[in-house]
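Please walk through the model below, going from a single side-chain pair to the sheet around it and then to the interior.

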Amino acid sequence: MSFLCRSAALLLRPSRAAPAVLSAARLYSSGGQYEYILVEKRGEKSNVGVIQLNRPKALNALCDGLMRELGNALDDFEADSDVGAIVITGSDRAFAAGADIKEMQNRTFQECYGGNFLAHWNRVSTVKKPVIAAVNGFALGGGCELAMMCDIIYAGEKAQFGQPEILLGTIPGAGGTQRLTRAVGKSLAMEMVLTGDRINAKEAKQSAFELTLAEGNRLEKRLFHATFATDDRKEGMTAFVEKRKASFQDK
């Protein structure tokens, strides 16, 4: 198993043959089977399955069609006895810049709850074979969640990770609040989720559980102090003092 993962890792190194490989992938997936991904097998024994997200104009935004195709490709590779490991990758500019916001902006609570929205995204985390995320460029929102569903993450120098859902008035919905804590530690995870800030590959690697208690307390104080810049903090404390119900305005 370790040999297969190392073989997959070697395939991720830059190569002059990359354009030819990409052409082969396009031919492999141009028969109408897939619209949003490129699929092929690589390695001397064709024992590494490679899935490339392929919505370049949308920075590989994860639309429903793409995620269903990804699930189908994973099913095929899992059933293929010749494949021992699977790599999911994007482009140099974006692994995946997030979910397709245009596709979900008009959804209602009833639709999301009744239809168990995003439930099929979890397929990546249930694959029994090792799944490697090869990340460069943006891995934001759903893209960051997709990478964290994989067993191993290899990140390029230009990789940026983030959970910016709060900037859209929502929260991560595909495991971000749970997996990010395990990946980078509670403090940084909370900072990323509550602010929408991004981190690069070096920061992500160095962050996991590196905060000492003193550093964590200092960060907590900074975040606590930051609340004093909000109108809602002032309203909440004033209402408490005046013994009335607070009227928050989300400011």
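In this predicted model, the side chains of Asp80 and Lys41 form a salt bridge, with 2.9 Å from N to O. Lys41 belongs to strand S1, whereas Asp80 sits in the loop between H3 and S3, so the contact ties together parts that are 39 residues apart in sequence. The pair belongs to a set of salt bridges whose count comes to seven under a limit of 4 Å between the side-chain nitrogen of Lys or Arg and a carboxyl oxygen of Asp or Glu.

Strand S1, which holds Lys41, leads into the sheet. S1 and S2 run antiparallel and are joined by six bridges. Within this pairing, Glu40 stands opposite Val50 in S2. The two strands make a hairpin with five residues between them, and Gly43 in the turn has a positive phi of about 100°.

On from S1, strand S2 (residues 48-53) also pairs with strand S3 (residues 85-89), here in the parallel sense and over five bridges. Ile51 is placed opposite Ile88 in S3. In a regular strand, side chains alternate between the two faces of the sheet.

How are the strands ordered in the open sheet of five? The order is S1-S2-S3-S5-S7, and the pairing is mixed. Strand S1 (37-42) and strand S7 (152-155) stand at the edges; each has a single partner strand, so one side of each is left without a neighbour in the sheet. On average, neighbouring strands of this sheet are turned by 20° against each other, direction ignored.

Helix H3 (residues 64-79) lies across S1, S2 and S3 and runs at about 20° to S1. The loop between H3 and S3 is the one that carries Asp80, which returns the path to the salt bridge with Lys41.

The last topic is enclosed space. The structure holds one cavity of 30 Å³ or more, and about 50 Å³ of space lies in the largest cavity. Which residues line the largest cavity? The lining consists of Leu62, Asp64, Ala99, Asp100, Glu103, Met104, Arg107, Phe117, Leu118 and Trp121. By class, six of the lining residues are nonpolar, four are charged and none is polar. Among the charged ones are Asp64, Asp100, Glu103 and Arg107, while the nonpolar ones include Leu62, Met104, Phe117 and Trp121. Asp64, one of the lining residues, falls within the range of helix H3 (residues 64-79).

Definitions and conventions. Residues are numbered from 1 along each chain as its sequence is written. This is a predicted model: local features need pLDDT of at least 70, side-chain atom pairs count only at pLDDT 80 or more; totals for chains, interfaces and linings use all residues. Side-chain values use heavy atoms; hydrogens and water are left out. On a 1 Å grid over the protein atoms alone, a cavity is a set of points where a 1.4 Å probe fits but cannot get out, and a pocket is an open set with protein on both sides within 12 Å along at least five of seven lines; lining residues have an atom within 4 Å of a point. Grid points are joined across faces, edges and corners, and a volume is the space filled by probe spheres set on the points. Two strands pair if DSSP finds at least two bridges between them. Helices (H or I, at least four residues) and strands (E, at least two) are DSSP runs, numbered from the N terminus. Axes are lines fitted to C-alpha atoms, for helices over the stretch in contact, and angles run from 0 to 180 degrees between N-to-C directions. Contact means heavy atoms within 4.5 Å.
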